Amino acid sequence: MTTPILVGESVCKYFGGLKAVDDVSFTLNEGEILGLIGPNGAGKTTLFSVAAGSTPATKGRVLLEGKEVSGKVAHRSVHQGICRTHQLVRPFAKLSVLENVLVGHHYGRPGPGHGTPHEHALRLLEFIGLGDRVDALPGELTLGGRKRLEVARALATNPRVLLLDEVVAGLNPVEGQRFVDLIRKIRDRGTSIIMIEHVMHAVMGLSDRVMVLDHGRQIAEGLPEDVVRDPNVIEAYLGRDDEDPETPEAHDA
Ligand SMILES: Nc1ncnc2c1ncn2[C@@H]1O[C@H](COP(=O)(O)OP(=O)(O)OP(=O)(O)O)[C@@H](O)[C@H]1O
């Protein structure tokens with residue numbers, strides 16, 4: 001049986017006359033990975049910002065386990081159990097990897113309380129693959145390492161729902177595949193995930209369902225294999241000369 005954990009109801013976000021997100025409804029079920037794709041400027045990141053409480057919706061709302069999370073300030077949403085990562089990673093540059101994770105823990109949803117925050121952070125860093133870099137500064141990590149740290153900081157808040165914004169993009173194929181495996185493990189530990197990703201083989205391989213935005217509107221939603229064949233989706237990607245050449249059909253980006 002599927003249990004909805006995050007529900008968007010007719011979410012709209014306008015910037016003046018620009019409808020960045022226009023009447024988008026969605027459901028994320030417990031234990032699910034929902035892929036969120038669409039050409040550049042489609043409204044994906046803006047939808048994350050509304051869901052994570054970093055920007056208020058113009059209309060509509062987002063509910064986490066039946067309670068509204070949109071329209072709250074971001075730290076309240078985090079406390080409620082929803083946390084996002086950012087496309088451009090934003091660690092505290094002067095804090096160590098471990099300290100960065102401890103900050104996430106401090107602001108997060110109260111957990112079961114096994115062990116000290118310090119022990120918790122060390123376990124998490126081990127899980128995320130940064131167990132040997134706990135004392136490093138973020139600037140000393142590779143891009144893959146910084147992306148892992150971004151995810152670790154989000155996971156340290158003990159989220160029920162994790163919003164991942166392009167964590168695989170920019171990584172080399174080996175690192176990218178490791179990240180795909182990591183995302184699957186995060187879901188298997190019990191965190192439901194929405195992921196924005198331009199690397200199509202990653203998002204199509206990981207997602208249980210995929211939702212497609214174009215110009216702020218939802219143009220398709222369904223199983224990955226159905227979405228890639230949807231004529232509206234193909235047109236949204238191929239109908240422009242100025243976009244990323246990768247289409248949803250190109251699984252080997
Ligand atoms: N703070 C803002 N003020 C004005 N316009 C904005 C703001 N944030 C986003 N937009 C506009 O809203 C639209 C949607 O942007 P958004 O970043 O959500 O798209 P996206 O699908 O995440 O794109 P990308 O794949 O390139 O990251 C774009 O036209 C963008 O220029």
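1. A residue counts as buried here if 20 or more other C-beta atoms lie within 10 Å of its own. By that criterion, 44% of the 253 residues of the protein chain are buried. Note that this is a predicted model.

2. Overall build. The protein chain has nine helices and ten strands. Its radius of gyration is 18 Å, close to the 18 Å from the globule rule for 253 residues, so the chain is as compact as a globular protein of that length. Along the principal axes, the C-alpha atoms fill a box of roughly 50 × 40 × 40 Å.

3. Contacts. Take the contacts in the protein chain between residues at least 6 apart in sequence. Of these, 64% join residues at least 24 apart.

4. The open sheet. Four strands make up this sheet, in the order 2-1-4-5, with antiparallel pairing. Strand 2 (18-29) and strand 5 (67-68) are at the edges. Each has a single partner strand, so one side of each lacks a neighbour in the sheet.

5. The strand 4 to strand 5 pairing. Strand 4 covers residues 59-64 and pairs with strand 5 over two bridges, in the antiparallel sense. L64 lies opposite K67 of strand 5.

6. The ligand shell. The residues around the ligand are F15, L18, A20, G38, N40, G41, A42, G43, K44, T45 and T46. Strand 2 and helix 1 (44-51) are the elements that supply two or more of them. Helix 1 gives the largest share, three residues. Strand 2 thus appears twice in this note: at a sheet edge and in the shell around the ligand.

7. Shell chemistry. Which class do the residues of the shell around the ligand fall into: nonpolar, polar or charged? The split is four nonpolar, six polar and one charged.

Note on methods: Residues are numbered from 1 along each chain as its sequence is written. This is a predicted model: local features need pLDDT of at least 70, side-chain atom pairs count only at pLDDT 80 or more; totals for chains, interfaces and linings use all residues. The radius of gyration is taken over C-alpha atoms; the globule rule is 2.2 Å times the number of residues to the power 0.38. A residue is buried if 20 or more other C-beta atoms lie within 10 Å of its own, exposed if 12 or fewer, and partly exposed in between; C-beta atoms are placed from the backbone. Two residues are in contact if their C-beta atoms, placed from the backbone, lie within 7 Å. Two strands pair if DSSP finds at least two bridges between them. A residue is near a molecule or strand if its C-beta atom, placed from the backbone, lies within 6 Å of it. Ala, Val, Leu, Ile, Met, Phe, Trp, Tyr, Cys and Pro count as nonpolar, Asp, Glu, Lys and Arg as charged, and the others, Gly among them, as polar.
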